[in-house]
Amino acid sequence: MSAYNIVSIAGSDPSGGAGIQADLKAFSAHGAFGMTVVAALTAQSTRGVTGVHPIPADFVAHQMDTLFSDATVHAVKVGMLGTAEVTEAVAEAIGRHGLPHVVVDPVMVAKSGDRLLEPSAVDALRTRLLPRADLVTPNLPEAADLLDEPEAADLAAMHEQALRLLEFGPRAVLLKGGHLAGEDCVDILVAKGSAPVEFRSPRVRTRNTHGTGCTLSSSIAALLPQRPDTASAVGDAKVYLTEALRRADEIDAGGGQGPVHHFHAWWK
């Protein structure tokens, strides 16, 4: 078989550290062929986002219909969508085309604090897109936003929130605990009918963490067709991301929060 075809439906990041640019790099690092549907344009650098230009929802759907009528798609990663209209259009197209291995990274706020999802779109994300997801990968602030409650302050609260997120309809939830204090970062994977699984990785001390969430979710999407189960894909993606963070300081892409090193295994 030729390479697996993985599609990123997300926003563009000119700095190359997040969004569709990060997704394509992560797909390639895992031996998959990357394709894209651009859902939003941003003006941003490592220092922050200075502008967001949404793509009209009907043109996002047009991109999807054109691509999916031709290419065999083995997995999909959904990232920044920006508006309720685009969120609804993406959800409808995923259902219309019966896409497999749908990973939703509910991008709401950039690390710089700039909002990337209109508040009015949160309900569309909850009710229209999450029920289409095989896996949703929120961090703690995103989970709190989706649940409309305070951020989890410990592992017990993380477990409870992860289970509540399952009630929105995804087949599985990976709740990322990097915002908690501690020497380890702990993520929790919950799925209906299965016991929760915790993934621990050492906390890497670097300011260059731009695109961490995009990179993890796209890595999982690339690995899902290549691994026997979701837990295996998540575990391998976590190992890859930890090393990408450890090697992040080798990349000089600007004066703010730089990207992780997607090609750490190849670049010397």
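Aspartate 154 caps the N-terminal end of helix H6, with a side-chain oxygen lying 3.3 Å from the backbone nitrogen of alanine 156. The model is predicted, so to speak of local features a pLDDT of at least 70 is required, side-chain atom pairs count only at pLDDT 80 or more, and totals for chains, interfaces and linings use all residues. Residues are numbered from 1 along each chain as its sequence is written, and side-chain values use heavy atoms, with hydrogens and water left out. Helices (H or I, at least four residues) and strands (E, at least two) are DSSP runs, numbered from the N terminus.

Helix H6 itself covers residues 155-166. Its 12 residues reach 17 Å from the first C-alpha to the last, close to the 16 Å expected at 1.5 Å a residue; the expected span is 1.5 Å times one less than the number of residues. Buried residues (under 20% relative accessible area; exposed is over 50%, and partly exposed is in between, with a 1.4 Å probe and protein chains only) can be listed for this helix: Ala157, Met158, Gln161, Ala162, Leu165 and Leu166. An α-helix has 3.6 residues a turn, so residues three or four places apart point the same way. The partners of the buried residues of H6 are helix H5 (140-147), strand E7 (172-176) and strand E8 (184-191), where contact means heavy atoms within 4.5 Å.

Helix H8 (residues 230-246) offers a second example. It has 17 residues and spans 24 Å between its first and last C-alpha, close to the 24 Å expected at 1.5 Å a residue. At its start, a side-chain oxygen of aspartate 229 comes to within 3.4 Å of the backbone nitrogen of alanine 231. The buried residues of H8 include Ala233, Val234, Gly235, Lys238, Tyr240 and Leu245. They pack against helix H1 (19-29), strand E6 (135-136), E7, E8, E9 and H7.

Leu245 of H8 is also touched by threonine 206, whose contacts, not counting residues up to four places away in sequence, are Leu245, Ala248 and Asp249. Threonine 206 sits in the loop between strand E9 (197-202) and helix H7 (212-223), and counts as buried because its relative accessibility is 17%. Its side chain makes a polar contact of 2.6 Å with the side chain of aspartate 249. A polar contact is a pair of N or O atoms within 3.5 Å; within protein, one must be able to donate a hydrogen and the other to accept it, and residues adjacent in sequence count only if both atoms are side-chain atoms.

Attention now turns to the interior. In soluble globular proteins, nonpolar side chains tend to be buried together. The largest nonpolar core (a set of buried Ala, Val, Leu, Ile, Met, Phe, Trp, Tyr and Cys residues joined through side-chain atoms within 4.5 Å) has 55 residues, and those with the most contacts inside it are Ile9, Met64, Val78, Val90, Val104 and Leu129. Helix H3 (residues 84-97) gives the most to this core, with seven residues. Another core, of 23 residues, lies apart from it and has Phe27, Val103, Leu174 and Leu245 among its members. Leucine 129 touches Val78, Leu81, Thr87, Val90, Ala91, Ile94, Val104 and Ala124, residues up to four places away in sequence not being counted.

The count of disulfides (pairs of cysteine sulfur atoms within 2.5 Å) comes to zero. The sulfur of cysteine 185 is 17 Å from the closest cysteine sulfur, that of cysteine 214, which is too far for a bond. Cysteine 185 is buried, at 15% relative accessibility, and cysteine 214 is buried as well, with a relative accessible area of 13%.

Two aromatic pairs are found in the whole structure. Rings of Phe, Tyr and Trp (its six-membered ring) pair if their centres lie within 6.5 Å; planes under 30 degrees apart count as stacked, over 60 as edge-to-face and the rest as tilted. Phenylalanine 263 and tryptophan 266 have ring centres 6.2 Å apart and planes at 75°, so this pair is edge-to-face. With tryptophan 267, phenylalanine 263 has centres 5.9 Å apart and planes at 35°, so that pair is tilted. Ring pairs thus link Phe263, Trp266 and Trp267 into a cluster.
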